[in-house]
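Biologist: I'd like to go through how the labels on this one were earned. Can you show me the structure and take me through the reasoning?

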Amino acid sequence: MYEQIASNKRRTFVLVLGAVVFLAAIGYVIGVMTSSGPVGLVLALAVAVAMSLGSYFYGDRIVLASTRAREVSAQDQPRLHNIVEGLAIAAGIPKPRVHVVPERALNAYATGRDPEHSSIAVTQGLLEALNRVELEGVIGHELAHVQDRDILVGTVVATLVGAAVLLSEFFMRAWFWGGIGGRRGSDRGGGPVALVLLAVGIVMLILAPIVGQIIKLAVSRNREYLAGAQGAMLTRYPPGLVSALRKIEAGSTIPMHSANNATAHLWLNQPSRIQGEGMGPLERLFQTHPPISERIRRLEEM
Amino acid sequence: MWVWIFVGLVALLVLAAVLVFNRLVWLRNRVDNGWAQIDVQLRRRYDLIPNLVETVRGYAAHERELFEEVTRARTRAIDASSVPDQAQAEDQITHGLRQLFAVVEAYPELKANENFLALQEELTGTESKIAYARQFYNDQVMRLNTLIQSFPSVLVARAFGFAEREFFDIEDPARGPAQVDFSG
């Protein structure tokens, strides 16, 4: 467990460093091509540092907001609160904040940077479909992610990928509107600035799947098995999580509207976005979770 | 030359002792914290029991013996001073509450009472929190005791008076095999 924590901190550091270097390189290229000197580099560095700090300190809030999770009080959801508090005691960590995502699909995730700043979110569908023992299994699993600092890597990845998507869109739009403006004016062709913006946008679009690959590497499947085993250590009752996973598998065709590729790896189960279909080809490409049947098998062996 | 090797060895030993000492302190604090967690949940249960008894009494007044048993167990638990006494009294409460909830099954109006349902969720939640707090406490006690008993940490533990702690046992005498008496 302590090696897990250390390795997750290391991964997060490497990820953030990679993002900063990558953005700085883009800024440098733009600066050189528009012959504005070091301005581009400095601006890009500033953006990169702001992004990294933001993803570290506000990543959990960004993730929670992007999945439309809302915090619930102990009066609204006494059962859920009691379970979270009980398992937090068992794990010896402070009680995370409790959120509910208004979705019919059965799913859950944890986010935050350390056990002192952590949140757990479950979907409305999950709350309605699972009994107490099953819900304990799921929450135990999520708390294991909190204990191991998986949430730190997961949250930083989610916000960095989200920011990369936003930035690439920004560059593409800047080129698009800049191009039209150029056509209207006397200077047809848009000038070097527009071309650079186009190039950067395209590069980032190409890089998006690669970033997806990095997510897969950073959030390895082993960690799901590990959290499964560790969660069972907390509840001392593996069949609870097994039964929950069976229900989740049965309901995995229910689409989730509030999940996207940036947050997919955080969820307990790979979110489906297409009605009536388990997983589209694109989602298969971005597969971040081991198959549920395998997770069940390993729990049953315990 | 030999002097320096000797000094180095002593420094190494002192360092090892310091590490073991810090580990012992850390574990002892975790045990204390674990006990505090149990205490918080037990108190919560003491607070809930009179409410529950009052609510149930309104519907099932003639289950008086059961109410008295639960109330007595509660008083005994509050007065308990040692860990084993406490554990035993708590088991009696748990036992009594289980009987109480079993009796409630016969009263549909009570089961539909919102106040009762909220109390039931609170008690079930507190019950499982006690179990989890107990689990955490016992795990930490086991780690502390193992460290105190193992060599060479036993030397540091003895020197600084670290004492082994008692487990909060889940043995429930009330639920042992039934004693059948044929003599009468």
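Modeller: Sure, and bear in mind that this is a predicted model. Chain B and chain A bury about 1,300 Å² between them, and 46% of that lies on carbon and sulfur atoms. On the chain B side, Glu121(B), Lys129(B) and Tyr132(B) supply 46% of the area buried against chain A, more than any other three residues.

Biologist: How many residues does each chain bring to the contact?

Modeller: Chain B brings 15 residues and chain A brings 17 residues.

Biologist: What makes Asp139(B) and Arg236(A) a salt bridge?

Modeller: Their side chains meet at 2.9 Å, N to O. The rule asks for a Lys or Arg side-chain nitrogen within 4 Å of an Asp or Glu carboxyl oxygen, so the pair qualifies. Across this interface the rule finds three salt bridges, and there are seven residue pairs in polar contact, both at pLDDT 80 or more.

Biologist: Which elements of chain B give two or more residues to the side that touches chain A?

Modeller: Those are H1 and helix H5 (114-149) of chain B. H5(B) gives the most, with twelve residues.

Biologist: Now Val3(B), in helix H1 (residues 2-57) of chain B. Why is Val3(B) called exposed?

Modeller: Its relative accessibility is 57%. Exposed means over 50%, so Val3(B) counts as exposed.

Biologist: Which residues form the nonpolar patch on the surface with Val3(B)?

Modeller: Trp4(B), Phe6(B), Val7(B), Val10(B), Val14(B) and Val18(B) join Val3(B) there, with about 700 Å² of accessible area together.

Notes. Residues numbered from 1 in each chain as written. Chains lettered and ligands numbered in written order. Predicted model: local features only at pLDDT ≥ 70, side-chain atom pairs only at ≥ 80, totals over all residues. Heavy atoms only, no water. Patch = residues over 30% accessible without salt bridge, like charges linked within 9 Å, V, L, I, M, F, W, Y side chains within 5 Å. Areas by Shrake-Rupley, 256 points an atom, 1.4 Å probe, with all protein chains shown as cover. Helix = DSSP H or I, 4+ residues; strand = E, 2+ residues; numbered from the N terminus. Buried < 20%, exposed > 50% of the residue type's maximum accessible area, 1.4 Å probe, protein only. Contact = heavy atoms within 4.5 Å. Buried area = accessible area lost by both parts, 1.4 Å probe. Polar contact = N/O pair within 3.5 Å; in protein donor to acceptor, adjacent residues only side chain to side chain.
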